[in-house]
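Open the model in your viewer and keep the selection panel at hand. This tour goes stop by stop: what to pick, then what is there.

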2 protein chains.
Amino acid sequence: MINSRFTVAVHLLALMSAGRERCAEAALTSEIAAESVNTNPVVVRRILGSLRKAGLVSSHPGPTGGWLLMQEPREITLRDVYRAVEEEALFSMHHRPPSSHCAVGRNIQDTLETYFGEAECAMQSKLGERTIADVLDDVMARVRAPAV
Amino acid sequence: MINSRFTVAVHLLALMSAGRERCAEAALTSEIAAESVNTNPVVVRRILGSLRKAGLVSSHPGPTGGWLLMQEPREITLRDVYRAVEEEALFSMHHRPPSSHCAVGRNIQDTLETYFGEAECAMQSKLGERTIADVLDDVMARVRAPAV
DNA sequence: GGAAACCGTAACCGTATCTATTACAATTAG
DNA sequence: CTAATTGTAATAGATACGGTTACGGTTTCC
């Protein structure tokens, strides 16, 4: 199971997107964000740091400081976010290399890397169909029409 | 990152599929299998136990005992294997529930479960396009034409 | 009936990863 | 100068995972 960094990253970008609709210059502080996510501000800063490295957000220290979106919510796909916070391949290979004395053991990793790569690519492509703006729209629709 | 159980499970089914081409009644023992995978027989038995629960293999104790395929390799997709060994959702939600005082915090999990579910579904669908027979064919093609 | 070869599973260990937390230096606005 | 913020290292605690040992249950075969 994939860790929760991706989930938190999308949450944070949705927060910043919502904040920007009220005031474009108001930066989100890690402390305020941490309250919404229900975690520690350091955890927020670490994840936003990854997003900054990917060019999605910027940060500024000091009073009036905080974090700002660097791209339009409509332009940021969940795939962009995923790739900003997840570095490794989705599927892991054998813990220890399989036997080289066995035809299957000798060749299955190459085979599986091909097949698994296709599957991960399909997953990322689906993520690429949704943006942060979609997420915020969906969240706000739920605010107006809460589940029964 | 997903653990290596899925990888090992596919490896084991490919081994059994290869063994069956030589002799349909010869069961694969967890000890022989563990040598190819380069792990401990108990690890093999644990994973094959999951596959048995899914109806993909059967086991038999005693001398001449071991593990046998219960379905045609051409009928077993990687999706079947994935679902046999992976129980939880691919993406994890927040470690602690987000703030209920925030519109985003209150609704984002429902939104993300929808979007993440679509992405996981796309990944599984791609896995569904490949079978154990495909894996073994690909492995054997590499045996005949090794990479340079 | 007894020995040998399997599976089934519980128990435990060491390691890695993840989240949370504290602490503190660096930067900036006012 | 003060206060508010980021940046990051260090650490702790929890969890998951793979590896290993141990041992009981089942089956084959002599």
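A residue counts as near a strand if one of its heavy atoms lies within 4 Å of that strand. Keep in mind throughout that this is a predicted model.

**Stop 1: DNA strand C**

Select DNA strand C and the residues around it. There are 30 of them, and Ser4(A), Thr39(A), Ser30(B), Arg52(B) and Ser59(B) come nearest. Which parts of the strand face the protein? Sugar and phosphate make up 68% of the atoms of DNA strand C that come within 4 Å of the protein.

Now show side chains. Start with Thr39(A): a side-chain N or O atom sits 2.2 Å from a phosphate oxygen of DNA strand C. Move to Asn3(A), where a polar side-chain atom is 3.3 Å from a phosphate oxygen of DNA strand C. Then cross to chain B and pick Trp67(B). Its side chain places an N or O atom 3.0 Å from a phosphate oxygen of this strand.

Switch to cartoon. Two or more residues of this surface come from each of these elements: α3 of chain A, and α3, β1 (57-60) and β2 (66-69) of chain B. Colour the surface near DNA strand C by residue class and you get 9 nonpolar, 14 polar and 7 charged residues.

**Stop 2: DNA strand D**

Select DNA strand D next. Which residues come nearest to it? Among the 30 around DNA strand D, they are Ser30(A), Arg52(A), Ser59(A), Ser4(B) and Thr39(B). Of the atoms of DNA strand D that come within 4 Å of the protein, 62% belong to sugar and phosphate.

Three side chains deserve a click here.

- Ser30(A): an N or O atom of the side chain is 2.8 Å from a phosphate oxygen of DNA strand D.
- Arg5(B): the side chain has an N or O atom 3.3 Å from a phosphate oxygen of DNA strand D.
- Arg45(A): here the partner is a base nitrogen of DNA strand D, 3.1 Å from an N or O atom of the side chain.

Back in cartoon view, find α3 (41-53), β1 (57-60) and β2 (66-69) of chain A, plus α3 (41-53) of chain B. Each gives at least two residues to the surface near DNA strand D. By class, that surface holds 9 nonpolar, 14 polar and 7 charged residues.

**Stop 3: the axis between the chains**

Hide the DNA and superpose chain B on chain A. The operation is a rotation of 180 degrees with 0.0 Å of shift along its axis, and the RMSD is 0.1 Å. That is the relation of a two-fold axis. To find the axis from chain B, select Met123(B): its C-alpha is the nearest to the axis in that chain, at 2.3 Å. Both copies use the same surface, with 100% of the contact residues of chain B recurring in chain A.

**Stop 4: across the interface**

Pick Ala14(A), in helix α1 (residues 5-22) of chain A. Buried or exposed? Ala14(A) is buried, with a relative accessible area of 0%. Beyond four places in sequence, Ala14(A) touches Ile132(A), Val135(A) and Leu136(A), as well as Val104(B) and Ile108(B). Draw a distance to Thr131(A): the two C-alpha atoms are 9.7 Å apart, although 117 residues separate them along the chain.

Now take Thr111(B), which lies in helix α5 of chain B. Thr111(B) is buried too, at 0% relative accessible area. Its contacts beyond four places in sequence are Val135(A), Asp138(A), Val139(A) and Arg142(A).

**Stop 5: inside chain B**

Select Leu13(B) in helix α1 of chain B. Leu13(B) is buried, with 0% relative accessible area. Sequence neighbours within four places aside, Leu13(B) contacts Leu51(B), Val57(B), Leu69(B), Ile76(B), Val81(B) and Ile132(B). For Ile76(B), the C-alpha to C-alpha distance is 9.2 Å, and the separation in sequence is 63 residues.

Finish on helix α4 (residues 78-85) of chain B. Its buried residues are Leu78(B), Val81(B), Tyr82(B), Ala84(B) and Val85(B). Turn the view to look down the axis of α4(B). The buried residues fall within an arc of 165 degrees, so they line one face of the helix. What do they pack against? Show α1 (5-22), α3, α5 (103-127) and α6 (132-144) of chain B, along with α5 (103-127) of chain A.

Technical notes:
Residues numbered from 1 in each chain as written. Chains lettered and ligands numbered in written order. Predicted model: local features only at pLDDT ≥ 70, side-chain atom pairs only at ≥ 80, totals over all residues. Heavy atoms only, no water. Polar contact = N/O pair within 3.5 Å; in protein donor to acceptor, adjacent residues only side chain to side chain. Helix = DSSP H or I, 4+ residues; strand = E, 2+ residues; numbered from the N terminus. Nonpolar A, V, L, I, M, F, W, Y, C, P; charged D, E, K, R; others polar. Buried < 20%, exposed > 50% of the residue type's maximum accessible area, 1.4 Å probe, protein only. Arc of directions from axis to C-beta. Contact = heavy atoms within 4.5 Å. Least-squares fit on C-alpha atoms with pLDDT ≥ 70 in both.
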